[in-house]
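Biologist: I would like to take a close look at one part of this structure, the place where the two chains meet, and then to follow the picture inward from there. Could you walk me through it slowly, as you would for someone in a first year of study?

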There are 2 protein chains.
Amino acid sequence: MNRPIGVIDSGVGGLTVARELMRQLPKEQLIYLGDTVRCPYGPRPKEEVITFTKQMVNFLLKKDIKLLVIACNTATAFTLDLLKETLSIPVLGVIQPGARAAIKVTETKDIGVIGTVGTIESDAYPDALYSISEDLTVHGLSCPQFVPLVESGRFSVEASEDIVRHALEPLKAYEQLDTLILGCTHYPILHDPIQKVMGDKVNIISSGEETAREVSAILSYQGLHNESHEPLTHEFYTTGSEEIFKQIANRWMDQPIEHIEQVVIDDRTE
Amino acid sequence: MNRPIGVIDSGVGGLTVARELMRQLPKEQLIYLGDTVRCPYGPRPKEEVITFTKQMVNFLLKKDIKLLVIACNTATAFTLDLLKETLSIPVLGVIQPGARAAIKVTETKDIGVIGTVGTIESDAYPDALYSISEDLTVHGLSCPQFVPLVESGRFSVEASEDIVRHALEPLKAYEQLDTLILGCTHYPILHDPIQKVMGDKVNIISSGEETAREVSAILSYQGLHNESHEPLTHEFYTTGSEEIFKQIANRWMDQPIEHIEQVVIDDRTE
């Protein structure tokens, strides 16, 4: 089954998911599309997010993807159910894998979630958590400072610790909290300062890692693993500047990204 | 979707998987069947394991299960593909979830697997690991002392450390090894002595925890989560002594098991 896995994101954040897919599924080819020119999706109305997401999906369907990952929390919250219903290929979002991993590791059943204002206000994480287990306490906190911090490149512990500490202060009041979900695909880049501020006893859950794990599970379940031994070329597309995308990708990813191409998707019919 | 999840095992080992299912999926009802009277399956010929497993599956299908977990490594190795092909409900084994979790956490890509002689000789774990990633080193080791140790009840660190240390000695030679898969459902009961012997830097992967996580993923993917709020009664069946099963279950599980019943399954037609 030598067809690629498609990954869509509102911009570069989903590269943390792509990085994990490449690490955990080294035999699979990826095609990534980041709608950087219209990023962020967080503050946009639901209907607009749905329209933009459908345009991204149409672009990837023409590349004959065998599975779609919505590597954007906002787009997952607004379009996952719709896309699962309408597409004939498996569709996975980033919210449920993060929720499931948190339920697996928590002992106190006291869980924090950080994300953009849009994701936190949507209650998508509490909904996903409570749909699996009602015996939980969930604390949501939006951290609007974090995406600009990551995109600025100042993500070392030294450069970011003060901002991270200030932002996470409200969560420190919950003494029982033992698990924190990074509910935005940018945040794994801040993993180390977040772990330092929260302390070693708090489990930090990265949606990217968990989503890659579930993609692997669905590929096995559906018999869709790539069995060919041909060399892979991952393809990365952006609706914005190739140069900026390349700079960020090469800073975040474990291996250099060769194929990066700017594309136009918004003149397509749905 | 208020139908139960079915769990089959050659005996009591699968209770570690059931415990994790109850912890991670508290809204789901379980029906467990342990073929204790014919346990262990490890040394039996493949055709016999297939026949016995089919008898267990037939018993659970009459209980209208919505998903089947094969909580026995030997039965997974011999029957997973067959059952996936022939049943109309989702079927999960314990080998692939353990393999995937190991790939997710390893950094050195040097992985150990311990299990019964049958599981290690079947190469089921190396096959599952290499099917996902070829860039791994895998060391298998059978630990025939562990199942009797667990069933004898001497599983505290003090009582079992010497036996565990002696058994795992061959793995200590692999300095790069950073992940150890417990490839037998009895072994999570020995988690603490195994962790102590291997050291804090080695990630111990429990197939039960990982399988429960993937059951949750498949329930979400297929829209099969229980949405009713009726109280749940888990049902446990054994082909052997109710009394012995109850003693072990109440020592291992987080909550008392009420419904335990002895059944006969081998006079059924396939």
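Modeller: What follows begins with the two chains and their meeting helices, and then moves to the interior and the cysteines.

Please keep in mind throughout that this is a predicted model. Chain A can be laid on chain B by a turn of 180 degrees with a shift of 0.0 Å along the axis, and the RMSD of that superposition is 0.0 Å. The two copies are thus related as by a two-fold rotation axis, and the same surface serves both of them, since 100% of the contact residues of chain A recur in chain B.

Where the chains meet, you can look for helix α10 of chain A, residues 207-221, and helix α10 of chain B, residues 207-222, whose axes come within 10 Å and cross at roughly 75 degrees. The helices α10(A) and α10(B) are therefore roughly perpendicular to each other. On the side of α10(A) the contact is made by A:E210, A:R213, A:E214, A:A217, A:I218 and A:Y221, while α10(B) contributes B:E210, B:R213, B:E214, B:A217, B:I218, B:Y221 and B:Q222.

Turning to the interior, the largest nonpolar core holds 138 residues, and those that touch the most other members are A:I114, A:L168, A:I194, B:I114, B:L168 and B:I194. If you centre your view on B:L168, you will find that, leaving aside residues up to four places away in sequence, B:L168 touches B:I114, B:L141, B:C143, B:F146, B:I194, B:V197 and B:M198.

Another residue to visit is B:T79, which is found in helix α3 of chain B, residues 73-86, and which is buried, with a relative accessible area of 1%. Again not counting residues up to four places away in sequence, B:T79 touches B:V49, B:I50, B:T53 and B:I70. By contrast with these contacts, B:L136 lies 57 residues from B:T79 in sequence and 26 Å from it in space, C-alpha to C-alpha.

Finally, consider the cysteines. A disulfide is a covalent bond between the sulfur atoms of two cysteines. To be counted here, the two sulfur atoms must be within 2.5 Å, and the count comes to zero disulfides over all chains. The sulfur of A:C72 has its closest cysteine sulfur in A:C39, 7.6 Å away, which is too far for a bond, and A:C72 is buried, with a relative accessible area of 5%. Likewise, the sulfur of A:C143 is 9.3 Å from the closest cysteine sulfur, in A:C184, so this pair is too far apart for a bond, and A:C143 is buried, with a relative accessible area of 1%.

Technical notes. Residues numbered from 1 in each chain as written. Chains lettered and ligands numbered in written order. Predicted model: local features only at pLDDT ≥ 70, side-chain atom pairs only at ≥ 80, totals over all residues. Heavy atoms only, no water. Buried < 20%, exposed > 50% of the residue type's maximum accessible area, 1.4 Å probe, protein only. Core = buried A, V, L, I, M, F, W, Y, C linked by side-chain atoms within 4.5 Å. Contact = heavy atoms within 4.5 Å. Least-squares fit on C-alpha atoms with pLDDT ≥ 70 in both. Axes fitted to C-alpha atoms, helices over the stretch in contact; angles between N-to-C directions. Helix = DSSP H or I, 4+ residues; strand = E, 2+ residues; numbered from the N terminus. Parallel < 35°, antiparallel > 145°, perpendicular 65-115°, else oblique.
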